[in-house]
Amino acid sequence: MLSQQDLAEEARIGALHALGVLDTPQEDRFDRVTRLAVAAFSVPIALVSLIDRERQWFKSRVGLDAAEMPRSLALCSHTISLDDALVVPDTLLDERFAGHPHVTGGPRIRFYAGQPLHSVDGQPLGTLCIIDTAPRAFGDADRHLLGDLARLAQDELNRDALMVARTRELHDKNAALELAMRLRGTAERVLRQKQELLDAVLETVDVGVVACDADGHLTLFNRAARGFHGLDAEHGLALADWPGHYDLYGEDGLTPLSPEQVPLVRALRGECVQDAGMTIHAPGAAPRRLLASGRALHGAGGERLGAVVALKDVTELDASRARLAESGEWLRTIADNVPALIAYVDTDLRYRFANERYREWLGVKSQDMIGRTVLESMGDAFYAPRREALERCLGGHASHLEIEEVRRGRTRVVSSTYLPHLRDGVVQGIYVLSTDATAAREYERQLHALAHSDHLTGLPNRRSYEERFGQAIARARRGATPLALAYLDVDHFKQINDGLGHATGDAVLRELARRLAASVRSTDTVARLAGDEFVVLLEQVGSPLECERIAAKLQDAIRPPFELDGRTVQVTSSIGIAWSARPEQAALAHVADEALYRSKRAGRDTASVFVAGSPPPHGPVG
């Protein structure tokens, strides 16, 4: 037993047979509808299609070579099943169409809109559909216009069926004549309504439509065309006078068109005109930039009927492109002259933009970077330390890092910020902004040095010494190693200052600092605490006896005469050293201070070594 759906399909196929259209070849009377649809919607493909059980075939087609195809491939089957207008703005986003071979392959359909065509008894027989190779929006006005054009095709589809069906009802000659007259009146009324609808459509669309007959007399000049030219059609105007009368110029807007170059004349000669550029300088109006497409018109027997051209106004589009190009030049000029590296990379980490600072700073031309990955353009030494920041940015998180770069004989500290380019929450790429932080970091280094160095001798100052002392204590505890601390004073330094002047006193302190630093290991710390007070922090000194040898070495370095600006100065120093196997910072400093005072009480120019936490068994070292 047939299902409801099968019964409906049988009824639909029966209607096709009744109309006698299943095997009817493509008819010229439908061509006007499809051509009008192409012009009205600016699409490459328009079809009047019919669907039977096994196939889809076309009463009229523009932009498609195939005359028919299996029903299984017919997009219009969905419109027939729906029995209502079907609009698919983007086929790749519609699960019904995304995998279709005409979407993934030729003709690569990306937009579809179909309006069902019905028989007189309401059966869906086929569609009027328009197709584009790019996604597009389709508003209410577009739907109404497609419906109007579909009604034109539907009237043509049912015209013969109506006449045949009614003629069969006649049983005598008079009735047949009366019916024929009524049908003629109906046909004339339908034709008049259809012409009115066609005229209304032509007057509504924003595409200019101009047509002429086989002799070159203008027969059609719609509202948009009149607006473009600032004039109505001059029906008696000769072809040679068209360029001057309508102020037609070439694509450059300066060169007047010759009659042979006018798109409608070219189409009348049989040429297929596609997006031919031209300019109209209508009096009192700004120049309009147009793209013209058209072809010759032929009758059913191939006779020449004339030509038609559709005109698209691209004035604002060209102006927008010019403004965009100008803005791009401004941005490029600004970006190239900003003292920073500016770049944009896509999700494959390929450069899409890079300013000229890359050449100046890193020796890489920006034009050589475009289309290549960061690794390919800059090398692994550049990419490797930045890879984690780039990957984090591709995950949607901003990153910042500083890297020291040595390029073209110069060292720079490059401070880079990576910002994700997000659209609807999805990362599209990465903005990269890098500045030269070399001067700032050098300034910070100098500030740090000033804060931690003695301005006279260049040795670490008290603040730096205390930090290093704490670090040395921590290392000694971790490694269970001993630590020694030496305090030094210049003997009778006040007499040097008073007798020889402060300049000489300062020179003595600078020379003393140099000799002390040269006498100890690079791992030891020599610092100036204040005035003539110096300290030496000695790590991994094995015993108090080794401290005595160090004290003797320091004294041997100090005792030779100081030659200062042609003056010889004899300088000696008192030294106190504290040693501990398990050092404590406060205790070690206290014991070193006691050892220093013992050396001073012993007559100066001596050294004393104490063991922290034990009685002082070691006296002065001569």
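User: How should I read the pairing of strand β7 (residues 208–213) with strand β12 (residues 304–313): is it parallel or antiparallel, and over how many bridges?

Analyst: Let's start with the general idea. Strands of a sheet pair through backbone hydrogen bonds, either parallel or antiparallel. Here, β7 and β12 run antiparallel and share six bridges. Two strands count as paired if DSSP finds at least two bridges between them. Helices (H or I, at least four residues) and strands (E, at least two) are DSSP runs, numbered from the N terminus. Before we go on, note that this is a predicted model, in which local features need pLDDT of at least 70 and side-chain atom pairs count only at pLDDT 80 or more, while totals for chains, interfaces and linings use all residues. Residues are numbered from 1 along each chain as its sequence is written, and side-chain values use heavy atoms, with hydrogens and water left out.

User: Which residues of β12 are the bridge partners of V209 and C212?

Analyst: V209 has A310 as its partner, and C212 has A307. On β7 you can also find V210, which stands opposite F221 in β8. Three bridges join β7 to β8, again antiparallel. These two strands make a hairpin with four residues between them, and G216 in the turn has a positive phi of about 85°.

User: What is the strand order of the open sheet, and which strands are at its edges?

Analyst: The sheet has six strands in the order β8-β7-β12-β11-β10-β9, with antiparallel pairing. Its edges are β8 (218–221) and β9 (248–249), each of which pairs on one side only. Between β11 (residues 288–298) and β12 there are nine bridges, and L291 has K312 of β12 as its partner. The hairpin of β11 and β12 has five residues between the strands, and G302 there takes a positive phi near 90°. β10 (residues 273–280) is joined to β11 by six bridges, with V273 partnered by G294.

User: How many residues of β7 and of β11 are buried?

Analyst: Buried means under 20% relative accessible area, exposed over 50%, and partly exposed in between (1.4 Å probe, protein chains only). By that scale, five of the six residues of β7 are buried, as are eight of the 11 in β11.

User: How many cavities are there, and which residues lie nearest the centre of the largest one?

Analyst: The idea is simple: rolling a probe the size of a water molecule over the atoms shows where empty space is left. On a 1 Å grid over the protein atoms alone, a cavity is a set of points where a 1.4 Å probe fits but cannot get out, and lining residues have an atom within 4 Å of a point. Points are joined across faces, edges and corners, and the volume is the space filled by probe spheres set on them. The count comes to two cavities of 30 Å³ or more. The largest has a volume of about 160 Å³. Its lining holds 13 residues, of which V210, H229, L248, V262 and L264 lie nearest its centre. The elements that give two or more residues to this lining are β8, α9 (263–268) and β12.

User: How many aromatic pairs are there, and how are the rings of F111 and F138 placed?

Analyst: A pair of aromatic rings is described by the distance of the centres and the angle of the planes. Rings of Phe, Tyr and Trp (its six-membered ring) pair if their centres lie within 6.5 Å; planes under 30 degrees apart are stacked, over 60 edge-to-face, and the rest tilted. The whole structure has seven such pairs. For F111 and F138, the centres are 5.6 Å apart and the planes at 45°, so the pair is tilted. F111 lies in strand β5 (residues 111–118) and F138 in the loop between β6 (124–132) and α5 (140–168), so the pair ties together parts that are 27 residues apart in sequence. F111 is buried at 0% relative accessibility, and F138 is buried at 12%. Ring pairs also bring F41 into a cluster with F111 and F138.

User: Which charged end sits over the ring of F111?

Analyst: That of R136, 5.5 Å from the ring centre. A charge sits over a ring if NZ of Lys or CZ of Arg is within 6 Å of the ring centre and within 35 degrees of the ring normal. R386 is placed over the ring of F382 in this way, 3.7 Å from its centre.

How values were computed
1 Å grid on protein atoms, 1.4 Å probe; cavity = no way out; pocket = protein on both sides within 12 Å on 5 of 7 lines; lining within 4 Å.
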